[in-house]
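Reader: I am new to this structure and should like to understand the terms used to describe it. Please explain what stands behind each one.

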Amino acid sequence: MTDQIAFDRRQFLQTSTALAAATAGLGLFDAAPANAQAPAPRRGGTFTFAISAETPHYDAHGSDTFATLHFAAPFYSTLLQFDLADYPKVKADLAREWTVADDLMTYTFRLVTNATFHDGTPVTSADVKATYDRLRAPPTGVVSTRQATFADIDVIETPDAHTVVFKMKAPNPAMIEHFASPWNFIYSAAVLARDPNAPRTTVMGSGPFRFGEHVRGSHVTGTRNDRYFREGRPYLDGFRGVFMTQPAAMMNALQGGQVLAEFRGISPAERDRLVQVMGERVRIEESSWTLNLLIVFNTEKKPFDDVRVRRALHMAIDRRAGAQGLARTATLRDAGGLIRPGSPFAIKDEDLLRMPGFGRDIAAARAEARRLLREAGVPNLTFVLHNRNLAQPYTPAGIFVVDQWRQIGVNVEHRQSETSPYLAGMSSGNFDVAVDFSNLFMDEPSLSLAKYVSFNRAPENRSRAIDAELDRLYAAQGRERDFQRRYDLIRQFERRALDQAYQVPLLWWHRIVPTHRTVMGWQMSPSHNLGQSLGDVWLNV
Amino acid sequence: MAGAVSQPNVVYAPVKRRSALAQFCIAQPLGAISGVAIVVMLFGGAFAEYVAPYDPLAIDFGAMLAPPSWEHWMGTDAFGRDIFSRVIYGARTALTIGFFSSLFGCVLGAILGVASAYFGGRIDMLTQRFIDIMLSFPIIVLALVVVAMLGRNLVAGVDVNLIVAIAIPIVPKVARVVRSAALSIREMPYIDAARAAGFGHLRIIFRHMVPNVAAPFLIMFTAFIAQAILLEASLSFLGLGVTEPTPAWGLMLSGNASDFYREAPWMILFPGLAISVAVFAFNLFGDSLRDWLDPKFKV
């Protein structure tokens with residue numbers, strides 16, 4: 001199995017160790033693990049939890065919001081998955097074993113033989129091929145936000161019904177982690193053949209739970225899949241995800257036991273309130289978060305096609321002051337570059353200070369910003385900031401940047417929309433400037449930087465910018481196996497991205513998850529995208 | 001001989017006529033007090049730039065959640081913004097939306113009510129059934145539907161669609177009251193005379209009927225400003241009205257205020273007080289105006 005990838009496994013272990021040390025340094029898993037001395041799992045019960053946004057559709061391939069995963073992950077399986085007990089290592093899901101060629105050009109997966117879709121048809125290599133073909137080269141009318149990630153796949157072969165072979169155009173050291181991405185739901189080839197867009201509107205997977213019902217504005221339910229391929233799972237009879245977009249309502253529901261968990265994260269103030277009111281009944285787990293907010297400029301609209309305007313708006317933001325202030329009230333914590341602060345490939349603090357928009361002298365930066373706006377002919381710039389109508393952390397972030405831009409004489413109208421119209425506006429380019437998010441599931445630079453690749457290669461790049469130099473650097477860092485050389489390439493990429501400022505990082509998040517003590521088997525991680533299949537969750541009541 | 005008749009030399013003391021304002025203050029002291037409160041709010045809102053000690057949008061992380069003090073009379077919020085300044089600027093938002101919503105709703109309602117009464121017959125019947133349908137919706141539900149349908153449309157910093165959304169539920173209420181007043185006016189001889197003189201409908205309605213329903217109109221106009229302020233605060237609280245960082249009383253009660261009301265009760269106390277005072281003042285002023293203008297209440 002993995003013995004065949006000596007070089008990359010070594011490198012992977014080095015990276016993992018560094019990451020583990022880094023995350024420990026950042027205070028990952030501050031609280032005691034949920035199940036340090038867990039009793040034996042019990043079967044039965046319906047688990048009710050809150051989802052703080054409603055998914056615009058069901059298709060994880062074309063989504064990058066947690067609202068889709070928290071809704072749909074229990075219904076689907078993936079090829080591999082992250083082992084949250086030993087994060088960031090990966091473990092089996094539909095693939096019971098896998099091999100990687102020494103040259104990283106061939107990945108072979110052997111599938112479990114007892115997996116079936118919820119309609120009773122077996123899961124075969126043809127379904128995996130159809131899924132990954134859809135991810136890397138979506139048919140017309142289908143959106144895959146993972147196109148850039150899987151661009152290195154050359155061909156997918158299916159020598160038998162339970163073996164899949166991925167042959168690469170070029171080596172990609174992070175490929176095995178990409179195969180463990182929680183977004184890569186395995187869809188039925190037969191369903192995709194009938195309608196490639198069927199997963200947007202219908203749910204049919206091979207996960208631990210069968211789809212029950214989705215009542216818009218209210219809830220989603222799932223019932224135990226008795227033919228689930230993992231023996232003895234799931235423990236629960238079913239689950240009920242309740243859409244709760246109002247934090248106050250969610251806090252009350254958590255306190256009253258109407259919902260037993262919220263997996264995305266709550267604010268520090270909400271955490272303190274829950275602990276004060278619920279005491280021992282609530283479990284709080286904290287972690288740094290592989291998630292950051294970005295400010296994205298629509299480069300197809302004037303004057304944001306002018307680098308001077310974008311750079312001025314980027315430089316006017318005092319991220320360090322914002323990180324300190326907002327950390328007390330919002331789920332925002334760290335000022336950092338394109339890679340999560342503290343992770344192995346993140347920029348060092350002293351280097352970050354030299355990056356445009358991250359210096360200590362904010363007065364000088366704002367003077368320069370005003371000069372750039374005058375030079376660009378828009379000294380009294382006015383625009384609409386498109387933002388998501390989620391209390392944490394979008395609203396505080398919007399209030400913060402509006403204040404920062406007012407200080408260079410820019411007048412901003414802050415317009416917030418519900419998740420669906422917000423995402424629709426972002427995808428269609430119907431905005432001037434927006435608060436965007438980079439929702440990662442691991443600290444792999446190829447994943448973190450994919451959002452900055454040219455729009456024609458990465459639809460998740462909301463700035464719609466085309467930049468061949470960034471594309472070249474992205475490809476080069478993805479193929480580089482030497483840590484230091486890759487680190488340097490990433491710094492070049494970062495410098496270019498921040499100089500051009502098509503989209504710029506605002507602040508990185510801090511994750512705080514509350515669960516009732518009765519909820520067992522769920523694992524905390526630095527990503528709210530991971531571990532949401534609920535297959536291992538049980539209720540200790 | 002005829003004696004001269006001497007005229008008694010009577011000197012009449014000049015009649016001291018008090019101004020209408022003074023008469024109102026004497027007759028309706030509570031109304032006068034509420035009027036003063038309204039004037040103070042209007043002044044504060046109109047000259048907020050000069051009255052407010054701080055920029056209402058300026059974030060100061062060094063002063064987050066500060067309690068009321070000499071520096072910040074009403075304390076600060078979770079972004080270190082001065083609540084006193086935000087309450088003053090919030091008066092501008094509340095009064096602008098309240099005034100224009102009430103004006104728009106009352107004018108439309110008055111026209112509908114007078115026209116319905118004047119034309120009578122099938123037009124009256126259809127108009128009244130339409131008004132019945134409108135009245136069957138709770139005011140907040142109707143406003144929610146309208147604001148959700150219209151979205152936002154900022155003109156000079158004011159959301160015109162929000163004004164329309166708040167004005168629409170006012171229309172049927174005003175139309176119903178104005179119609180009842182106009183029905184009695186329609187039967188007056190001077191209306192018959194106007195018809196006999198060949199005046200057109202529009203002239204009769206606007207020249208002869210509308211001025212005669214001015215008293216109930218004015219009373220409702222002031223009373224509905226209070227309702228509009230309350231509705232604007234409710235919609236903002238629900239996230240459908242004014243959006244952050246605009247200072248608005250209802251908005252100040254939601255968001256971070258709900259997170260910190262235990263540690264920083266001033267975050268909800270002062271905006272809540274501002275809403276209460278404004279609504280109370282306009283309601284009281286409207287009642288006093290009705291008592292003063294309507295002859296029935298002078299008996």
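Reader: What makes residues of chain A and chain B count as a contact, and how many does each chain give?

Author: In this predicted model, two residues are in contact if their C-beta atoms lie within 7 Å. The contact draws 22 residues from chain A and 18 residues from chain B. On the side of chain B, helix H13 (residues 256-260) gives the most, with four residues.

Reader: Which classes make up the side of chain B that touches chain A?

Author: That side of chain B has 10 nonpolar, five polar and three charged residues.

Reader: Why are strand S4 (residues 95-100) of chain A and S5(A) said to pair?

Author: Two strands pair if there are at least two bridges between them. S4(A) and S5(A) have five bridges, in the antiparallel sense, and therefore they pair. One of the partnerships joins A:Trp98 to A:Phe109 in S5(A). The two strands form a hairpin with five residues between them, and A:Leu104 in the turn has a positive phi of about 60°.

Reader: What makes S5(A) and strand S7 (residues 163-168) of chain A a pair?

Author: The cut-off is again at least two bridges; S5(A) and S7(A) have five, in the antiparallel sense, so they pair as well. Here A:Thr108 stands opposite A:Val165 in S7(A).

Reader: Which residues of S5(A) lie on its covered face, and which on its uncovered one?

Author: The covered face holds A:Tyr107, A:Phe109 and A:Leu111. A:Thr106, A:Thr108 and A:Arg110 lie on the uncovered face.

Definitions and conventions
Residues numbered from 1 in each chain as written. Chains lettered and ligands numbered in written order. Predicted model: local features only at pLDDT ≥ 70, side-chain atom pairs only at ≥ 80, totals over all residues. Nonpolar A, V, L, I, M, F, W, Y, C, P; charged D, E, K, R; others polar. Buried ≥ 20, exposed ≤ 12 C-beta atoms within 10 Å, placed from the backbone.
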